[in-house]
Amino acid sequence: MAPPARSGRRSVRAARARRTVTLLAAFSVVVCMAVAGAPGGASEEPATVPEAAPAPRPGPTPSASAATDPLAAPASLAPTPSATSSPRPADPYATAKAAAQRVTAGAHGFASFTLIDRAKAKRIGDARAATAMFSESTVKVWLAADLLATRARAGAELTEYEMARMAAMIRESDDNAAEVIWRWLGADRAIQDMIDRCRLQDTKVYPDWWSKTAISARDLARLGDCIVPGKGRLLSPTVGAPLLALMRSVDKSNAFGIQEADPAGRGVRIAVKNGWTQHGAEEGTVWNVNCLGIWGRGNRWVLAVTTRYPATNGLDYGAALCRQVTRAVLPLTRGR
């Protein structure tokens, strides 16, 4: 056994050694913290330290979710965006409507349109499609249809003179020929018959003046639909054939607007009838330019465009509006 005094010195030396080790360990921790800095890049002088980009937040992985949440779905059953939310296909009618509305809404003055899909009994138009304008010469299609229907009901064919007057009225927009036929049919009574038979909503008779019949874009489109020949319709296919033939052979100077956009294909003539008049101070010194077109298999599509704008813009401005509306709806109508 060693003497007690020696044992005491060893205990003191051992205690000193343990304190030294503890101090060294604590000093090492302090040094490491000083070198690493505080979390997030903080500094006593933040302006001297560039702002660190935030660390990306990792998204959950299937294995982590399954490990931490006992109700998590297995990775193979978890829904994915492509499986649950495929994009809806665009509605071609809504797309065509929006495109044509941009044309009419941006017009200098007034412009409106209505397109009828006769095959699906669908109709699109803008917010002003019920606003009536002067019909101008577009009403001549009714005078021709009424003449054909009236003679057919009587079991008679048109005379050569009547046929010539009708041809001049449609192909060359001859106003004198229209005046004669309008009177044959009962003048204002003929326009009222048009309203009743074609179920027009916004149209009004202008006493003793057929070209100032008030008609809206939607009613002008309905009128176009009304005169299309067919079984059980106003005009049978046989009786109505001459009218559509005349409308497809309108003089090229009269076939501006819808026809110029080639809705049935390049160079293919469609059934058209336009109306145009420059009015003086009494009406506000304006052009009224209206376009009516019918085309497609089974005469599926009927487009009406009505315009009224300052006379200084000229006739070509109205023709251009009709072209632009037609081009706006072509993606819907082409090939159908």
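1. The largest cavity in this predicted model encloses about 30 Å³ of space. The structure holds 1 cavity of 30 Å³ or more. Its lining is formed by Y93, L115, I116, D117, K122, R123, I124, W301 and L332. Strands β1 and β2 each supply at least two residues of this lining. By residue class, the lining of the cavity divides into 6 nonpolar and 3 charged residues, with no polar ones.

2. The largest pocket holds about 230 Å³ of space. It is lined by 13 residues, of which I116, C198, R222, D225 and C226 are the closest to its centre. I116 also appears in the lining of the largest cavity. Three elements, β1 (110–117), β2 (122–125) and α9 (217–227), each supply at least two lining residues of the pocket. Helix α9 gives the most, with 3 residues. The composition of the pocket lining is 9 charged and 4 nonpolar residues, with no polar ones.

3. The loop between β1 and β2 contains A121. A121 has a positive phi of about 55 degrees although it is not a glycine. Most residues other than glycine have a negative phi. With a relative accessibility of 72%, A121 counts as exposed, because the threshold for that class is over 50%.

4. A187 likewise has a positive phi, of about 55 degrees, and is not a glycine. A187 belongs to the loop between α7 (175–184) and α8. Is A187 buried or exposed? A187 is buried, with a relative accessible area of 18%, since the buried class covers values under 20%. The backbone at A121 and at A187 may be examined in turn, the one residue being exposed and the other buried.

5. The largest nonpolar core comprises 77 residues. Those with the most contacts inside this core are M166, M169, L223, L243, M247 and L303. Helix α5 (residues 140–153) gives the most to the core, with 8 residues. In general terms, nonpolar side chains of soluble globular proteins tend to be buried together.

6. L223, one of the core residues with the most contacts, can be described through its neighbours. Leaving out residues up to four places away in sequence, L223 touches T138, V141, W142, M194, C198, L200 and I215. Of these neighbours, C198 is also among the residues closest to the centre of the largest pocket.

7. I195 lies in helix α8 (residues 188–197). I195 is buried, with a relative accessible area of 11%, because this value falls under 20%. Beyond residues up to four places away in sequence, I195 touches L200, T203, K204 and V205. I195 and V205 are 10 residues apart in sequence, and their C-alpha atoms are 8.7 Å apart in space. L200 is thus named among the contacts of I195 and among those of L223.

8. A311 lies in the loop between β7 (301–310) and α11 (315–333). Which residues does A311 touch, not counting those up to four places away in sequence? They are Q278, T285, V286 and W287. From A311 to N288 the C-alpha to C-alpha distance is 8.8 Å, with their positions 23 residues apart in sequence. A311 is buried, its relative accessible area being 15%, which places the residue under the 20% limit.

9. R323 lies in helix α11. At 22% relative accessibility, R323 counts as partly exposed, because the buried class requires a value under 20% and the exposed class one over 50%. Apart from neighbours within four places in sequence, R323 is in contact with G257, E260 and A261. R323 and V305 are 18 residues apart in sequence and 9.5 Å apart in space, C-alpha to C-alpha.

10. For the chain as a whole, there are 11 helices and 7 strands. Buried residues make up 40% of the 336 residues. Among contacts with a separation of 6 or more, 60% are accounted for by residues 24 or more positions apart. The accessible surface comes to about 18,900 Å², and 57% of that surface belongs to carbon and sulfur atoms.

Technical notes. Residues are numbered from 1 along each chain as its sequence is written. This is a predicted model: local features need pLDDT of at least 70, side-chain atom pairs count only at pLDDT 80 or more; totals for chains, interfaces and linings use all residues. Side-chain values use heavy atoms; hydrogens and water are left out. A nonpolar core is a set of buried Ala, Val, Leu, Ile, Met, Phe, Trp, Tyr and Cys residues joined through side-chain atoms within 4.5 Å. Buried means under 20% relative accessible area, exposed over 50%, partly exposed in between (1.4 Å probe, protein chains only). Helices (H or I, at least four residues) and strands (E, at least two) are DSSP runs, numbered from the N terminus. Contact means heavy atoms within 4.5 Å. On a 1 Å grid over the protein atoms alone, a cavity is a set of points where a 1.4 Å probe fits but cannot get out, and a pocket is an open set with protein on both sides within 12 Å along at least five of seven lines; lining residues have an atom within 4 Å of a point. Grid points are joined across faces, edges and corners, and a volume is the space filled by probe spheres set on the points. Ala, Val, Leu, Ile, Met, Phe, Trp, Tyr, Cys and Pro count as nonpolar, Asp, Glu, Lys and Arg as charged, and the others, Gly among them, as polar. Accessible areas come from the Shrake-Rupley method with a 1.4 Å probe; for residues, only the protein chains shown count as cover.
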